[in-house]
Amino acid sequence: MLKALNIENVAVIEKADIEFSDGLNVLTGETGAGKSIIVDSINAVLGERASKEMVRHGAESANVTAYFDVLSGDVKEKLNDMGFESDDDTLIISRKISSAGKSVCRINGTVCTASMVRELSPLLVNIHGQHDSQELLNPDFHYKFIDMLGVEGLSEYKEKFRELITVRRRLRELTKDADDKDRQLELLEYEIKELEESDIKEGEWDELKNKRNLMLNSQNIISALNSLISAFSGDEEISGIDTVLNTCAKEIESVSKVDGELKELFSKLEELIDGAESVKDFASSMLSSVEYSESELEKIEERLDMYYRFSNKYGKTEREMLLYLENARARRNSIINSDEEIERLNNEYDRAFSETVSLAEALSESRKAVAKKLEKAVCEELKMLDMPKIQFVTDFERANLSSTGFDKIEFLISTNVGEPPKPLSKIASGGELSRIMLAIKNVVAAKDSVATLIFDEIDTGVSGKASRKTGYSLKRVSTFTQVLCVTHSAQIASLADSHLLISKKFENGRTYTSVTELDYEGRKKELARIMGGLEITDTILKSAEELLKGN
């Protein structure tokens with residue numbers, strides 16, 4: 001439930017810290033004091049549209065923070081699905097709106113989008129105002145009120161419907177493939193044949209590039225290797241490196257007996273001679289392996305051209321090309337066998353469809369039985385709310401199968417005897433809608449998982465005895481769920497578990513709104529103000545006290 005609300009720089013509210021209790025919380029105050037700002041702030045923090053006009057004049061930003069506790073299982077599950085921590089039983093939602101019109105939302109301190117908060121908010125709070133009973137005005141929501149009271153077969157139907165959708169999705173995929181099966185098969189056969197005949201080998205592409213590079217540079221390589229070998233071997237005119245080194249070695253060896261250090265020099269010369277011989281042998285070996293063949297180079301170029309073409313069609317590497325071949329074979333086999341699979345899925349779909357329809361029919365019968373009980377209970381509640389002549393009926397039509405069945409359900413009312421029931425949106429006024437919603441909530445309150453209900457000026461157009469009955473109805477709802485009610489009715493306000501006064505004052509040319517929880521004396525004075533208007537007499541104060549004592 002909504003435990004506390006912190007508001008900063010929203011319209012005429014500079015700062016307000018509001019604590020709400022269990023049961024019935026009423027908010028009263030003079031017209032224009034800022035009661036609607038409280039509801040607007042709750043709407044804003046719950047992700048509804050917020051504009052820069054909400055920001056108090058002269059402030060850089062407006063801030064609203066809502067603190068919830070005793071979270072329902074649905075709320076915790078939704079938080080986990082959205083990736084937010086919900087280990088304990090508390091939740092903090094905040095929103096900052098800048099004077100430039102930008103806003104930032106947070107769930108438990110983590111930045112999120114306003115749409116994420118809007119997705120979560122229906123599980124936390126239901127707000128019903130004179131002009132804001134969307135769930136009643138929209139027939140798409142009406143089935144939910146019936147389902148809240150407990151219909152049979154809903155979970156079984158939903159499970160079977162999911163199975164039906166899975167089969168239908170797979171069948172559509174295969175049917176789509178079957179429509180151009182011949183074209184796909186022709187293309188796949190061509191690709192498979194091309195890849196198989198190419199005999200692709202991993203690593204071959206780089207190997208071919210190296211071979212081509214060697215061939216294109218073979219003349220330069222041969223020339224360089226011959227020059228190196230000639231330098232070692234020499235010719236008739238010039239002695240080679242081999243001859244020069246061997247001659248020097250003999251001369252050093254002959255004098256090495258004179259100086260011991262020359263022996264070490266002779267040893268190094270021998271190592272140099274062996275190294276030179278090794279270089280000469282390696283160069284000779286490379287020379288013998290260097291080849292140049294015009295026809296061989298042409299074959300390499302053709303093979304390389306194939307790899308370049310394939311890289312644009314099948315993958316950048318040989319491995320990707322081979323994987324494409326493997327997948328193409330699998331797609332070909334799938335299409336070849338698709339006729340059998342389509343036939344099997346058609347049979348499975350027919351069976352699942354028949355079972356889904358049967359479950360939908362059973363669900364519809366259960367809903368109709370529950371709807372009769374709802375109609376009777378709501379009419380009884382409406383009598384208590386001083387709407388004794390109203391007819392409240394549930395209209396069922398058969399629509400297409402969906403995740404909720406095939407029922408198209410709409411609540412109809414007739415407010416005048418002899419008039420046929422018609423849709424709520426065409427008959428009910430704002431005040432009537434709020435009372436009808438209150439009546440429904442009283443019937444389903446024990447089953448509703450939403451912990452906080454907010455009624456904004458539910459008493460509009462209601463006075464006297466009817467107002468008192470409305471208060472008793474709110475009181476009954478508040479035994480199951482927390483209720484916040486903005487009201488101008490002393491009869492309703494007198495039944496509150498917590499009475500909050502919204503008041504404003506003027507200082508230094510500015511307007512300031514404050515929120516105060518009233519004690520017994522404060523409540524008596526506020527009830528007297530509501531009842532008596534400008535002049536509060538002892539008689540009015542006594543009447544206010546009698547209202548409080550009568551509860």
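This is a short dialogue on reading helix packing, cysteines, burial and backbone angles in a predicted model.

Reader: Let's start with helix pairs. At what angle do α19 and α20 pack, and how far apart are their axes?

Author: For a pair like this you look at the angle and the axis distance together. Helix α19 covers residues 520–532 and helix α20 covers residues 538–549. They pack at an angle of about 120 degrees, with axes 8 Å apart. Since angles of 65 to 115 degrees count as roughly perpendicular and those over 145 as roughly antiparallel, α19 is oblique to α20.

Reader: Which hand does the crossing of α19 and α20 have, left or right?

Author: Right-handed: that is how α19 passes α20.

Reader: And which residues of α19 and α20 meet?

Author: On the α19 side, Tyr-520, Arg-523, Lys-524, Lys-525, Leu-527, Ala-528, Met-531 and Gly-532 take part. Their partners in α20 are Ile-540, Leu-541, Ser-543, Ala-544, Glu-545, Leu-547, Leu-548 and Lys-549. Sorted by class, this contact of α19 with α20 has nine nonpolar, two polar and five charged residues.

Reader: Okay, try me on another pair. How do α7 and α12 pack?

Author: Same reading order. Helix α7 (residues 181–198) and helix α12 (residues 294–313) pack at about 145 degrees, and their axes are 12 Å apart. The hand here is left, so to speak: α7 and α12 make a left-handed crossing.

Reader: Which residues of α7 and α12 meet, and how do they divide by class?

Author: From α7 you get Tyr-190, Glu-194, Leu-195 and Ser-198. From α12 come Arg-303, Met-306, Arg-309, Phe-310 and Lys-313. That contact divides into four nonpolar, one polar and four charged residues.

Reader: Now the cysteines. How many disulfides does a search of the whole structure find?

Author: Zero. The test is a distance one: two cysteine sulfurs have to be within 2.5 Å. Take Cys-112, which is in no disulfide: the nearest cysteine sulfur belongs to Cys-105 and is 5.4 Å away.

Reader: Is Cys-112 buried or exposed?

Author: For burial, you read the relative accessible area, and buried means under 20%. Cys-112 has 9%, so it is buried. Cys-379 comes in at 19%, so it counts as buried too.

Reader: What about a charged side chain such as Lys-160: buried or exposed?

Author: Apply that cut-off again. Lys-160 is buried, because its relative accessible area is 16%. You'll find Lys-160 in helix α6, residues 154–179. Leaving aside neighbours within four places in sequence, Lys-160 is in contact with Arg-351, Ala-352, Glu-355, Thr-356 and Leu-359.

Reader: And where does Met-437 sit?

Author: Met-437 is in helix α16, residues 430–444. Its relative accessibility is 0%, so Met-437 counts as buried. You can also compare sequence and space: Met-437 and Asp-456 are 19 residues apart in sequence and 12 Å apart from C-alpha to C-alpha.

Reader: Last one, backbone angles. What is phi of Asn-9?

Author: Here you check the sign of phi and the residue type. Phi of Asn-9 is near 60 degrees, a positive value in a residue other than glycine. Asn-9 lies in strand β1, residues 2–10.

Reader: Where is Asn-108, and what is its phi?

Author: Asn-108 is in the loop between β6 (103–107) and β7 (110–112). Its phi is near 50 degrees, again positive in a residue other than glycine. At 33% relative accessibility, Asn-108 counts as partly exposed.

How values were computed
Residues are numbered from 1 along each chain as its sequence is written. This is a predicted model: local features need pLDDT of at least 70, side-chain atom pairs count only at pLDDT 80 or more; totals for chains, interfaces and linings use all residues. Side-chain values use heavy atoms; hydrogens and water are left out. Axes are lines fitted to C-alpha atoms, for helices over the stretch in contact, and angles run from 0 to 180 degrees between N-to-C directions. Helices (H or I, at least four residues) and strands (E, at least two) are DSSP runs, numbered from the N terminus. Angles under 35 degrees count as roughly parallel, over 145 as roughly antiparallel, 65 to 115 as roughly perpendicular and the rest as oblique. A crossing is left-handed if the near helix is turned anticlockwise from the far one by less than a right angle, and right-handed if clockwise. Contact means heavy atoms within 4.5 Å. Ala, Val, Leu, Ile, Met, Phe, Trp, Tyr, Cys and Pro count as nonpolar, Asp, Glu, Lys and Arg as charged, and the others, Gly among them, as polar. Buried means under 20% relative accessible area, exposed over 50%, partly exposed in between (1.4 Å probe, protein chains only).
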